[in-house]
Amino acid sequence: PYATAAAGPILTLPLAGFFSIFGIGVMQVRLYMLLWLILLVSAAYFLIRSVAGRPAAFFASLLFVTFSPLYANGKTATGDIPGFVALIFALYYLYCRKWYGFSGILLALAITTKPSLYMPVAVVALAEIFLSEAEEKWKHAVLVAGGSLLVLIPWFVSLVPQPIADGASWR
């Protein structure tokens, strides 16, 4: 039941490594999430810079860091910020680099951190490919979906560990 909570492999696996190096405690969690917040603002800056230029990226970053709900995410370890980082990188690789398969993997990692929030984003990404690209839109959409399935299938399987066992606890 906890697999669909606001966590995911991009939050929990690096956090486990962080705990093994620096110990377990509230200060370590806050430092870990502070590093994610710095990565988020940096990734947003570079995405906006590549799309709209330096001045827009600078002012967007200033506006971004003044968003007060962002700071509350630095106090607890939830998957919101790592999921948002994965989404920003997915957008970068989808629009700027045109690495469709890798952007699908990043979209799926965002989905595993917060399914209720990022699942519609993946659908919108596929719809946007169909609406905006004139050539090879099927190929690009299949690459995004295929990349996503590389992450989502093992995640779905992990949600229900023994789906055909009699008296399974998930019923």
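Buried means under 20% relative accessible area, exposed means over 50%, and partly exposed covers what falls in between, with a 1.4 Å probe and protein chains only. The model is predicted, so local features need pLDDT of at least 70 and side-chain atom pairs count only at pLDDT 80 or more, while totals for chains, interfaces and linings use all residues. Residues are numbered from 1 along each chain as its sequence is written, and side-chain values use heavy atoms, with hydrogens and water left out.

**Exercise 1. Describe K98 by its location, backbone and accessibility.**

Step 1. Locate the residue: K98 sits in the loop between α5 and α6. Helices (H or I, at least four residues) and strands (E, at least two) are DSSP runs, numbered from the N terminus.

Step 2. Check the backbone: phi of K98 is positive, about 60 degrees, although the residue is not a glycine.

Step 3. Classify the accessibility: K98 counts as partly exposed because its relative accessibility is 44%.

**Exercise 2. Summarise the chain by its elements, burial, contacts and surface.**

Step 1. Count the elements: the chain has 8 helices and 0 strands. From the N terminus on, their order is α-α-α-α-α-α-α-α.

Step 2. Take the burial: 35% of the 171 residues count as buried.

Step 3. Consider the contacts, meaning heavy atoms within 4.5 Å. Among contacts with a separation of 6 or more, 61% join residues 24 or more positions apart.

Step 4. Take the surface: the chain exposes about 10200 Å², of which carbon and sulfur atoms supply 73%. Accessible areas come from the Shrake-Rupley method with a 1.4 Å probe; for residues, only the protein chains shown count as cover.

**Exercise 3. Which helices each supply at least two residues of the largest nonpolar core?**

Step 1. Fix the term: a nonpolar core is a set of buried Ala, Val, Leu, Ile, Met, Phe, Trp, Tyr and Cys residues joined through side-chain atoms within 4.5 Å. In soluble globular proteins, nonpolar side chains tend to be buried together.

Step 2. Identify the core: the largest one has 22 residues, and L94, L107, L109, I129 and V144 have the most contacts inside it.

Step 3. Assign the helices: α5 (80–96), α6 (100–113), α7 (115–132) and α8 (137–159) each supply at least two residues of this core. The largest share, 7 residues, comes from α6.

Step 4. Follow one member: leaving aside neighbours within four places in sequence, I129 is in contact with L94, Y100, K137, H140, A141 and V144.

Step 5. Look beyond this core: another core lies apart from it, with 16 residues, including L11, Y32, A44 and V85.

**Exercise 4. Characterise the packing of α5 and α7.**

Step 1. Read the geometry: the two helices pack at an angle of about 5 degrees, and their axes are 12 Å apart. Axes are lines fitted to C-alpha atoms, for helices over the stretch in contact, and angles run from 0 to 180 degrees between N-to-C directions.

Step 2. Classify the angle: α5 is therefore roughly parallel to α7. Angles under 35 degrees count as roughly parallel, over 145 as roughly antiparallel, 65 to 115 as roughly perpendicular and the rest as oblique.

Step 3. List the residues: α5 contributes D80, G83, F84, L87, L94 and Y95, and α7 contributes Y118, V121, A125, E128 and I129.

Step 4. Sort them by class: the contact has 8 nonpolar, 1 polar and 2 charged residues. Ala, Val, Leu, Ile, Met, Phe, Trp, Tyr, Cys and Pro count as nonpolar, Asp, Glu, Lys and Arg as charged, and the others, Gly among them, as polar.

**Exercise 5. Is A57 buried or exposed, and what is it in contact with?**

Step 1. A57 lies in helix α3 (residues 54–65). A57 is buried, because its relative accessible area is 0%.

Step 2. Neighbours within four places in sequence aside, A57 is in contact with Y45, I48 and R49.

Step 3. Turn to Y45, found in helix α2 (residues 26–52). With the corresponding neighbours left aside, Y45 is in contact with R54, A57, F58 and S61.
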